[in-house]
Amino acid sequence: MNKICPRCGKVYSYSAGSCPNECKSKARKEANRVYDRCQRDNSSFYNSREWKRLRESCKNVYSGLCVWSLYKYKRVVKGTTAHHIVPLSQDRSKGMELSNLVYLSDGAHREVHRLYDIDQKETIEQLKQFIVAWMSEHGMGGTN
């Protein structure tokens, strides 16, 4: 049995799962870029040179891995997002602190934000525990 990708028209088998051209992933990335550039709150902050440098530092601290997936689910997943543990909307002064950032995958980032709506304090504590575990396992001591 075959499927047709609604984005590129390529025919592929159901067993392949998704389009071999990775159209769904490409469409999500483009939508994220448009959102970041045009719609996101604090877009000037997120488009600043300083933020981009800090985001890259966060990625380097965590070796490009999603800390949430690693410690919560014991899965190695590539990270994509530097997440503010204490959101900018709550404390903008922590926005440029590396110690207030953790590297997450897109899926983990969405999950963390859903959990923030349920119990933000508990979710932040869990993130901090994961960070401490990462730092101690990688000889960084303390928190980032």
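## An exposed arginine on helix α3

With a relative accessibility of 55%, R53 counts as exposed, because the cut-off for that class is over 50%. The residue belongs to helix α3, in a model that is predicted, and R53 is one member of a surface patch of positive charge that also takes in K29, R49, K52, R55, K59 and K78. Helix α3 supplies the largest share of this patch, namely five residues.

## Overall architecture

The protein chain holds five helices and four strands, and their order along the sequence is β-β-α-α-α-α-β-β-α. Of the 144 residues in the chain, 33% are buried, while the accessible surface amounts to about 9,200 Å², with carbon and sulfur atoms accounting for 48% of that area.

Among the contacts in the chain with a separation of 6 or more, 54% link residues that are 24 or more positions apart in the sequence. Two of the residues described below, C58 and L70, offer individual cases of pairing across the sequence, C58 with A82 and L70 with W134.

## A buried cysteine on helix α3

Helix α3, which spans residues 49-61, also contains C58. This cysteine has a relative accessibility of 0% and therefore counts as buried, the limit for that class being under 20%. Helix α3 thus carries both the exposed R53 and the buried C58.

Once the neighbours within four places in sequence are set aside, the contacts of C58 are with A82, L98, L101, V102 and Y103. For one of these partners, A82, the C-alpha to C-alpha distance from C58 is 6.4 Å, at a sequence separation of 24 residues.

## Helix α4 and the loops on either side

The loop between α3 and α4, the latter covering residues 67-73, includes S63. Although S63 is not a glycine, its phi is positive, at about 55°. On the other side of α4, the loop that leads to β3 (81-84) contains K74, another residue other than glycine with a positive phi, in this case near 55°. K74 is exposed, because its relative accessible area is 66% and the class begins over 50%.

Within helix α4 itself lies L70. Leaving out neighbours within four places in sequence, L70 is in contact with R75, V76 and W134. The pair formed by L70 and W134 is separated by 64 residues in sequence, whereas their C-alpha atoms are 9.4 Å apart in space.

## The start of the chain

M1 is located in the segment that precedes β1, a strand made up of residues 2-4. With a relative accessible area of 81%, M1 is exposed. Despite that exposure, M1 is in contact with S13 and Y14, when neighbours within four places in sequence are not considered. A further spatial relation links M1 to S15, which is 14 residues away in sequence and 8.5 Å away from C-alpha to C-alpha.

Note on methods: Residues are numbered from 1 along each chain as its sequence is written. This is a predicted model: local features need pLDDT of at least 70, side-chain atom pairs count only at pLDDT 80 or more; totals for chains, interfaces and linings use all residues. Side-chain values use heavy atoms; hydrogens and water are left out. Helices (H or I, at least four residues) and strands (E, at least two) are DSSP runs, numbered from the N terminus. Buried means under 20% relative accessible area, exposed over 50%, partly exposed in between (1.4 Å probe, protein chains only). Contact means heavy atoms within 4.5 Å. Patches are made of residues with over 30% relative accessible area and no salt bridge: like charges are joined within 9 Å, nonpolar side chains (Val, Leu, Ile, Met, Phe, Trp, Tyr) within 5 Å. Accessible areas come from the Shrake-Rupley method with a 1.4 Å probe; for residues, only the protein chains shown count as cover. A salt bridge is a side-chain nitrogen of Lys or Arg within 4 Å of a carboxyl oxygen of Asp or Glu. Lys and Arg count as positive and Asp and Glu as negative; His and the chain ends are not counted. The place of a charge is taken as NZ of Lys, CZ of Arg, CG of Asp or CD of Glu.
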